[in-house]
Amino acid sequence: MRRRGFTLIELLVVIAIIAILAAILFPVFAQARESARKSSCANNLRQIATGLQMYSADSDERLCPDRINAPAGLNFRYGVWDFLIQPYVKNVGIMVCPSTNPTKPALPDVPCTYGMNYRLTQGDPAVLDDAPSLWFNTINMAELKSPANTIWIVDNARVTNPTAMPLHQEDPTKWKLQAGAWNGSGYTRFPNDPPNQNYVSCCYNGDPWRPAPIHSGGTNCVFVDGHVKFYKTEKLVNPPRGSAECMYDNGP
């Protein structure tokens, strides 16, 4: 009695079915993996928000600045906000979003892939784009008009190809993000140009740190009241400053 094996056609059919199933399921698995990373990122940001709020509570309700001058002889990173809140969070690992792969520098310059809203502490409307003033400034929590609608910390990345200069209608899904890059100074800039300043020169020439569309085209955000929410990145970067939809310049 002869034993019948699989024919070549049958084997090819089975392989084709496996390939079709893999093509269908792999994107589903990737989406599920990214969803888990987005949730882990949101948990990082909740812990960061708690640290920032504790810092404020110990500082007479003044917001943590993006930077202060580090003690003499120490790496400047000791004066950046993610180091300033370490006594409260006691965990440098939460400063890296699991969807990023930052370049790992030598200690103490540990990476931080989140950025503080560049204009959060802008108390003087006459200060249009003065980076040192905005970095080192701090204001009282009570000075904010709407803490629940004012961005504090977001996923951060270096954008290498802004898409809408000078028309100012960005499409973050087309941005290219520099691999491994992270901002040691700890800030995130939003691309809306200050009044009477050129959009291109003030926002992208050499300083393109932006809310990162790394979670399926969106960004996790911490607001000043401490809650965390996910937004599609275009909702963060396109509303004009001062408009009801603007969430980064809704301060003093």
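In strand β5, the residue that bridges to V154 is C221, and this pairing is a convenient place to enter the structure, which is a predicted model. V154 belongs to the stretch 151-158 that forms β2, while C221 falls within β5, the strand of residues 218-223. The two strands run antiparallel and are joined by three bridges, and another of the pairings sets I151 against F223 of β5.

From this starting point the sheet can be followed outward on either side. β2 also pairs with β1, again in the antiparallel sense and over three bridges, with M116 standing opposite I153 of β2. A further antiparallel pairing, likewise of three bridges, links β2 to β4, and there N156 of β2 faces P211 of β4. With these neighbours around it, β2 is mostly covered, seven of its eight residues being buried.

β5 is mostly covered as well, with six of its six residues buried. Its residues point in two directions, G218, N220 and V222 one way and T219, C221 and F223 the other, and the residues on both sides are buried. Beyond its pairing with β2, β5 is joined to β6, residues 228-232, by five bridges in an antiparallel arrangement. C221, already met as the bridge partner of V154, stands opposite K229 in β6. The strands β5 and β6 form a hairpin with four residues between them, and in this hairpin G226 takes a positive phi near 105 degrees.

It helps to set these strands within the whole chain. The protein has six helices and six strands, and from the N terminus on its elements follow the order α-α-α-β-α-β-β-α-β-β-β-α. Of its 252 residues, 44% count as buried. Among contacts with a separation of 6 or more, 65% are between residues 24 or more positions apart. The protein exposes about 12900 Å², and carbon and sulfur atoms supply 58% of that area.

The interior can be read in terms of nonpolar cores. In soluble globular proteins, nonpolar side chains tend to be buried together. Here the largest nonpolar core has 32 residues, and those touching the most other members are I48, L52, W81, I85, Y114, W152 and I153. Helices and strands both contribute to this core, since α1 (8-57), α2 (81-84), β1 (114-117) and β2 (151-158) each supply at least two of its residues. The largest share, seven residues, comes from α1. I48 illustrates how these parts meet: leaving aside neighbours within four places in sequence, I48 is in contact with W81, I85, I94, M95, Y114 and I153. Apart from this core lies another, of 13 residues, which includes V159, F223, L236 and Y248; F223 is the β5 residue that was seen above as the bridge partner of I151.

Aromatic side chains offer a further set of details. A search of the whole structure finds four aromatic pairs, one of which is formed by Y78 and F83, whose rings are edge-to-face at 5.2 Å centre to centre, with 70 degrees between the planes. The two partners differ in their cover, because Y78 has a relative accessible area of 35% and is therefore partly exposed, whereas F83, at 15%, counts as buried. Rings also meet charged side chains in this model: K38 lies over the face of F230, at 4.1 Å from the ring centre, and the charged end of R189 sits over the ring of Y118, 4.7 Å from its centre.

Finally, two loop residues deserve a look for their backbone geometry. Most residues other than glycine have a negative phi, and most peptide bonds are trans. E61 has a positive phi near 65 degrees, in a residue other than glycine, and its place is in the loop between α1 and α2. With a relative accessibility of 39%, E61 counts as partly exposed. S216 is likewise not a glycine and has a positive phi of about 55 degrees; S216 is found in the loop between β4 (209-211) and β5. Its relative accessible area is 51%, so S216 counts as exposed, the cut-off for that class being over 50%. In the next strand along, β5, six of six residues are buried.

Key: Residues numbered from 1 in each chain as written. Predicted model: local features only at pLDDT ≥ 70, side-chain atom pairs only at ≥ 80, totals over all residues. Heavy atoms only, no water. Core = buried A, V, L, I, M, F, W, Y, C linked by side-chain atoms within 4.5 Å. Buried < 20%, exposed > 50% of the residue type's maximum accessible area, 1.4 Å probe, protein only. Contact = heavy atoms within 4.5 Å. Pairing = 2+ DSSP bridges. Areas by Shrake-Rupley, 256 points an atom, 1.4 Å probe, with all protein chains shown as cover. Phe/Tyr/Trp six-rings, centres within 6.5 Å; stacked < 30°, edge-to-face > 60°. Lys NZ or Arg CZ within 6 Å of the ring centre and 35° of its normal.
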